[in-house]
Amino acid sequence: MTGYADDGVGLEVVVDPWLEGLWKAIKEALSKMASDQTAHLKGVLEDSAKETPDLSLLDVQLNLLSLTDDQNCGSVKSTVGTDSKNAPAASSSVSAIQTAVSDRRPASPAGGVGMSSESGYVARISASAAETQTRDTGGSHVLLEGSLTCSLPPLSESSLNVPALPPPYLDVSLEDVVSVGQIDGPLNKETLHEVPLSRAVQLTRQDSVKITLLLELDISAYPEIVYQPGDSFDVFCPNNASEVDKMLHRLGLEDKKNHCVRVSLKKDTKKKGAHVPPYIPQNISLIYLLTWCLEIRSVPKKAFLRALVEHTGDGVQRRRLQELCSKQGAADYNQYVRDPSLSILELLTAFPSCSPPLTLLIEHLPKLQSRPYSAASSHLRHPGKLHFVFNVVQLAACSGRPAGSRGLCTGWLFDLINPSLVFPRKAESSSSPALPKIYMSLRANCSFRPPADLSVPFVMVGPGTGVAPFIGFLQQREKERQENPEAGFGETWLFFGCRHRDRDYLFREELEGFESNGTLSHLKVCFSRDDQEEGTTLAVRPRYVQHNLLLHSQRITDILLKQNGYLYVCGDAKNMAKDVNDTLLEMIKTEIQVDQLEAMKRLAKLREEKRYLQDIWG
Ligand code: FAD
């Protein structure tokens, strides 16, 4: 049985249910083995009453079954040795450790981790700082709510399985040297392009829920930046300056921010394959490290929480951190940490007695990542320019983030161009102030391209900012039509969706123009939040792109299955892409009268032939 987990999504989301299934499967397999062997032995005994059966085999099965039973009921009588020296070494999979070994040592009376911190074991912790669900206030009961910092029964009263303490592996020191590099800008900036922003337009109305911006990059000075519609490029942005300051303050290192950071591998580390992270160069200052190297917004993994426990003074806060990284606290971790994308800084603010050393941050924070964006223009229409479109991501307020916040890169871009948001400011005008510049690099996406054969029909599905690459596709197609008026062009369909016709219909003028001049054969737009008239159904007023696809089921399946056409999907990976995929399956089932399995095969074949292409994010 093989399981794949994506650390980006969260290991526990995949690994925990997989492990549940694993124990069940092992139990079933062992039961079957035991009954097969019993039957076999019975047969042997019957065949040869003189021979002595090997009954130890049966004993082994029974012991193993008692281990799996323990796992299920949560009371540990593990047959795995309690001698720490013989225990399996800590692995990177938190869940695997939790279910593999248990320490039978008595829990510490203070509710602390009842184990030696280097043991590589999972400890069982008794609940001592348990919050109660109701508090007696002189006759009346007040209901307490759970939060990032406060748990409720049964978790607050539960014994916990926490992951093994990750072994430290770095030595970090700060040196007050004059020669520290005064570099600014992203790592390896010599391999990137520093490009001016020449235009910024807000595409949504002021009263729209989302702010969607179109930015234009002036790439005319960089002939090496050659892009095609469908390509995307990386934007390199720094961490938020005020968050960096807060982090320095929290670490008590404000006065050392210009000191040089020396990082080396701990000589006696027990971490397997340990190495100094390659994204931490030599001779950089502490402020540079926090601004350009580490993703200080990243969501702390459970192993990081586990390590933070060791640096937390207050007993209640320690207990809560233990809960959040424990097997029993998985739902709380998802609810209060993972789902709201809580950053380490927000976590440290909520747990004031937690004071980790800088070393721990360097060991646990990942590299600051660039953010990719899809080109929303064709160079044929806008020579020397590259457009892109994005929503300013708004992270909702939550327990641990009372004021909410903006996405790192989209918030930074917004600040960069605000307050003169809708400009064109003329780049060539000498009187205008210097245009802001951003670091970027092109990443080619060779398969997400319009069909090379102009006569082949294609279908584009891109609600919201997912329409970005298709604007590029259509600008290119428009130009090709002008240059080849005699050529036979395949049909083009665009399924677009937004909330309100009058507030956030992106590129409305341009799209309607494409339709009226024949570049786009069919423009199908739906509005998910415009009031539905009384009695109207989705068949009359489709709400989402997939409803519109269903309305044109026969034409679209014909294009895909009979005319060798292409289908492109761009935008939100979480819901839209899956809904569209499910709808395509339904359409194939209905139109060519096949069952689910056959429809899945047809869709898989389209993918293999690179005629069903996705460019999805979120
Ligand atoms: P972060 O600070 O990284 O986000 C914080 C958290 O917000 C994330 O952990 C996540 O949980 C959540 N989040 C991330 N994105 C969204 C979102 N869109 N809506 C709601 N919550 C979100 N984005 C575009 O807007 N336009 C594009 O053309 C585009 N093209 C892309 C092409 C590719 C190949 C990929 C992989 C991604 C693309 N993205 C695009 C997404 C983009 O790279 C960023 O992820 C997005 O802009 C958020 O970045 P941020 O730094 O502002 O948010």
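Leucine 213 sits opposite phenylalanine 390 of β12, in a stretch where strand β7 (residues 212-218) and β12 pair in the antiparallel sense over seven bridges. Strands are taken here as DSSP E runs of at least two residues, helices as H or I runs of at least four, both numbered from the N terminus, and two strands pair if DSSP finds at least two bridges between them. The model is a predicted one, so to speak of a local feature requires pLDDT of at least 70, and side-chain atom pairs count only at pLDDT 80 or more, while totals for chains, interfaces and linings use all residues. Residues are numbered from 1 along each chain as its sequence is written, and side-chain values use heavy atoms, with hydrogens and water left out.

Back to β12: five of its seven residues are buried, so the strand is largely enclosed by the rest of the structure. Buried stands for under 20% relative accessible area, exposed for over 50%, and partly exposed for what lies in between (1.4 Å probe, protein chains only).

β12 (385-391) also turns up at the ligand, along with β11 (371-374), α11 (408-417) and β21 (612-617), as an element that gives two or more residues to the surrounding shell. β11 makes the largest contribution, with four residues. Of the 17 residues around the ligand, Pro372, Tyr373, Leu408, Cys409 and Thr410 come nearest; a residue is near if one of its heavy atoms lies within 4 Å. Sorted by class, the shell holds nine nonpolar, five polar and three charged residues.

Oxygen atoms of the ligand are approached by polar atoms from several residues. A polar side-chain atom of arginine 371 lies 2.8 Å from one ligand oxygen, and a polar side-chain atom of serine 341 lies 3.2 Å from a ligand oxygen. Leucine 408 takes part through its backbone, with a polar atom 2.8 Å from an oxygen atom of the ligand. The protein covers 74% of the 910 Å² of accessible area that the ligand has on its own, with areas from the Shrake-Rupley method and a 1.4 Å probe.

Elsewhere, β16 (437-443) has antiparallel partners of its own. Strand β6 (residues 193-202) pairs with β16 over four bridges, and glutamate 194 has tyrosine 439 as its bridge partner there. Five bridges join strand β8 (residues 232-236) to β16, again antiparallel, with valine 235 matched to methionine 440.

An open sheet of three strands has the order β5-β9-β10, with antiparallel pairing. β5 (170-175) and β10 (284-285) stand at the edges, each with a single partner strand, so one side of each is left without a neighbour in the sheet. Six bridges join β5 to β9 (residues 260-265), and valine 261 is the bridge partner of leucine 174. In the loop between β9 and β10 lies asparagine 283, whose phi is near 55 degrees, a positive value in a residue other than glycine. Asparagine 283 is partly exposed, with a relative accessible area of 27%.

Asparagine 564 likewise has a positive phi of about 55 degrees although it is not a glycine; its place is in the loop between α15 (553-561) and β20. Another backbone detail is the cis peptide bond from proline 153 to proline 154, with omega near 10 degrees. Proline 154 belongs to the loop between β3 (140-143) and β4 (160-161).

As for aromatic residues, the count comes to 15 pairs. Rings of Phe, Tyr and Trp (its six-membered ring) pair if their centres lie within 6.5 Å, with planes under 30 degrees apart counted as stacked, over 60 as edge-to-face and the rest as tilted. Phenylalanine 448 and tyrosine 568 have ring centres 5.4 Å apart and planes at 80 degrees, so the pair is edge-to-face. This pair links distant parts of the chain, 120 residues apart: phenylalanine 448 is in the loop between β16 and β17 (458-461), tyrosine 568 in strand β20 (residues 566-572). Phenylalanine 448 and tyrosine 568 are buried, and they belong to one aromatic cluster with Phe458, Phe470, Phe473 and Tyr566. For phenylalanine 496 and tyrosine 505, the centres are 5.8 Å apart and the planes at 25 degrees, so the pair is stacked. Phenylalanine 496 counts as buried at 0% relative accessibility, as does tyrosine 505 at 8%.

Finally, eight of the eleven residues of helix α7 (residues 315-325) are buried, so α7 is largely enclosed by the rest of the structure. Among them are Arg319, Arg320 and Glu323.

Terms used: A polar contact is a pair of N or O atoms within 3.5 Å; within protein, one must be able to donate a hydrogen and the other to accept it, and residues adjacent in sequence count only if both atoms are side-chain atoms. Ala, Val, Leu, Ile, Met, Phe, Trp, Tyr, Cys and Pro count as nonpolar, Asp, Glu, Lys and Arg as charged, and the others, Gly among them, as polar.
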